[in-house]
Structures are given as C-alpha cells and as structure tokens.
Amino acid sequence: MSRVLYDLCGIDERLRFSPFCWRARLALAHKGLNVETRPWHFIDKEVLEFADYDKVPVLVDGSEVITDSYQIMAYLDRAYPDAPALLGDAMAESRARFFKHYAERAVAPAILRTIVMDLLNAIHPKDRDYFRETREKRFGRTFEEFHSPAKGLAQLDAALEPLRGQLTETDFIDGDAPAAADYLLFGNFMWARCVSTADLVSNADPVYAWIERMLDQHDGLGRNAMRITDIEGAYR
C-alpha cells in the first residue's frame, strides 16, 4: 500500500516547517508507519485539487485521502487500531481536542509574533508574496508592525504556565509516553525550531525538558530535521 504525505517546504525542499504537518509526521511515526513526504508550496493549490483541499497536510493512504492534521490522527486510530493509540477513548480524545485549541489559540500566536520575520525568510521566494498578503490581511497590520519578540515571548511565557504544572508531574502531556496531545502542541515548537534560532523557553523550564524529550522521540525525528541554520547563507 502506498502512503504519501503532502508536506509544506521552504527555501530548501528538505526544510519542512509546518506545525500541522509536523503533527501528522509525528502521528505516523507513533503508529510505526512509513510514509513518503512530498514537498508542497503555498501557491501550489492545483496539486491538491484531488483532495478538494488547499492546505497541507494531506495524507494519501492507498485509496483513502485524509485532510487536516487532527482528522489524520483520528483516521490513523481507526485504520490502525493495533498500533499504539493517538487519541484513545472518548475522555482522552476530549483532552487532546483541548490541547489542539490551546496550541492554536494560545501558543501559536505568541510564537508567531516572536518569529514571523524569520519565518518569512525561511519560506520559498515564490511563496512570500502570497504568504505576506494573506497573513497581513488576517492580522490587519504588516509583518513589521506585528513582529515583536519581547511581546511574543512574554505572551508565550504566560500561555505556558498551565503546561509547566503538568510537566512537573509527568514526562509528557499524555503521561509516561507521548501521544496526540503532545504532538498537537509540539508541532508549534518544531515550527519555530526549523525556521528560527529564537530561544522560546529557558533551559531551566520544565517545558524545555519536555521539548528535549520530544525531539528524541521516534529515533530523533524532530532533532534530525533540517533547520534554517543548516542551509548555507539562508539565515540572516
């Protein structure tokens, strides 16, 4: 059975930075499933017409086409019930859904305000006009006006306080081992790690220790991923 994941790429096809695609990649690794990742650019909408979707990740698993990172997790639990669960029972799934919203509404905006100019630099040149136009319309201001590392880091520090409480009691959000809640949140930290050198948390923070543990999961999938600093002349 062929399995393909369409995955956002940057100035180098090996630079894969989408937090949503990282969720899917980690979920597939959690299930022990091999996948071919295909690089995709923001403006390549026609490539995904078969999925009736214009964003990534898109997973093609044989005859199945699944869009949206959370739905990919749900699909993997249905299609591969004998592999370790991602979302688990109804109670665990509800907890994971909370972390999806927490990641997207509290953590991601703070990170974006910190790294947005680094992110723009990491995006492929042919995508930059599209990215700037669509995101500045969403923000209601220019990237230069939105960008504020000091404010972003303060916002992130406050947003992470509940997570610190959890991580002083368990190694992972989902307990002794990572699962959906961890991947849903960690995708944001992979996003920042791939495109920026910004220090988002101090090395004395329980969240930092969790990030380090997550980087080593699945044979170092996160730790071994290409970063912008690996591309000669790309980081400024």
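**Exercise 1. How many aromatic pairs does the count come to?**

Before we start, keep in mind that this is a predicted model.

Step 1. Rings of Phe, Tyr and Trp pair up if their centres lie within 6.5 Å. By that rule, the count comes to twelve aromatic pairs.

Step 2. Let's look at one of them. Phe 42 and Phe 131 sit 5.4 Å apart, centre to centre, with 40 degrees between their planes, and the pair is tilted.

Step 3. Now place the two rings. Phe 42 is in the loop between β2 (36–40) and β3 (58–61), while Phe 131 belongs to helix α4, so this pair ties together parts that are 89 residues apart in sequence.

**Exercise 2. Work out how helices α8 and α9 are arranged, and which residues make their contact.**

Step 1. Two packed helices are described by the angle between their axes and by the distance between those axes.

Step 2. Here, the axes of α8 (residues 180–195) and α9 (residues 206–215) come within 11 Å and cross at roughly 90 degrees.

Step 3. Angles of 65 to 115 degrees count as roughly perpendicular, and α8 and α9 are therefore roughly perpendicular to each other.

Step 4. On the α8 side, the contact is made by Asp 182, Tyr 183, Leu 185, Phe 186, Phe 189, Met 190 and Arg 193. On the α9 side, you'll find Val 207, Trp 210, Ile 211, Met 214 and Leu 215.

Step 5. Sort these residues by class and you get ten nonpolar, no polar and two charged.

**Exercise 3. Describe the largest pocket and its lining.**

Step 1. Start with the space: the largest pocket holds about 870 Å³.

Step 2. Next, the walls. There are 30 lining residues, and Pro 19, Phe 20, Lys 55, Arg 135 and Arg 138 lie nearest the centre.

Step 3. Which elements give two or more residues to this lining? They are α1 (19–30), α3 (90–122), α4 (125–139) and α8. The largest share, six residues, comes from α3.

Step 4. By class, the lining has 18 nonpolar, three polar and nine charged residues.

**Exercise 4. Do the same for the second largest pocket.**

Step 1. The volume of the second largest pocket is about 290 Å³.

Step 2. It's lined by 16 residues, and the closest to its centre are Arg 193, Ala 198, Leu 200, Ile 211 and Arg 227.

Step 3. The elements giving two or more residues here are α8 and α9, and α8 gives the most, with five.

Step 4. Split by class, this lining has ten nonpolar, two polar and four charged residues.

Step 5. Link back to Exercise 2: Arg 193 and Ile 211 also take part in the contact between α8 and α9.

Definitions and conventions: Residues are numbered from 1 along each chain as its sequence is written. This is a predicted model: local features need pLDDT of at least 70, side-chain atom pairs count only at pLDDT 80 or more; totals for chains, interfaces and linings use all residues. Side-chain values use heavy atoms; hydrogens and water are left out. Axes are lines fitted to C-alpha atoms, for helices over the stretch in contact, and angles run from 0 to 180 degrees between N-to-C directions. Helices (H or I, at least four residues) and strands (E, at least two) are DSSP runs, numbered from the N terminus. Angles under 35 degrees count as roughly parallel, over 145 as roughly antiparallel, 65 to 115 as roughly perpendicular and the rest as oblique. Contact means heavy atoms within 4.5 Å. Ala, Val, Leu, Ile, Met, Phe, Trp, Tyr, Cys and Pro count as nonpolar, Asp, Glu, Lys and Arg as charged, and the others, Gly among them, as polar. On a 1 Å grid over the protein atoms alone, a cavity is a set of points where a 1.4 Å probe fits but cannot get out, and a pocket is an open set with protein on both sides within 12 Å along at least five of seven lines; lining residues have an atom within 4 Å of a point. Grid points are joined across faces, edges and corners, and a volume is the space filled by probe spheres set on the points. Rings of Phe, Tyr and Trp (its six-membered ring) pair if their centres lie within 6.5 Å; planes under 30 degrees apart count as stacked, over 60 as edge-to-face and the rest as tilted.
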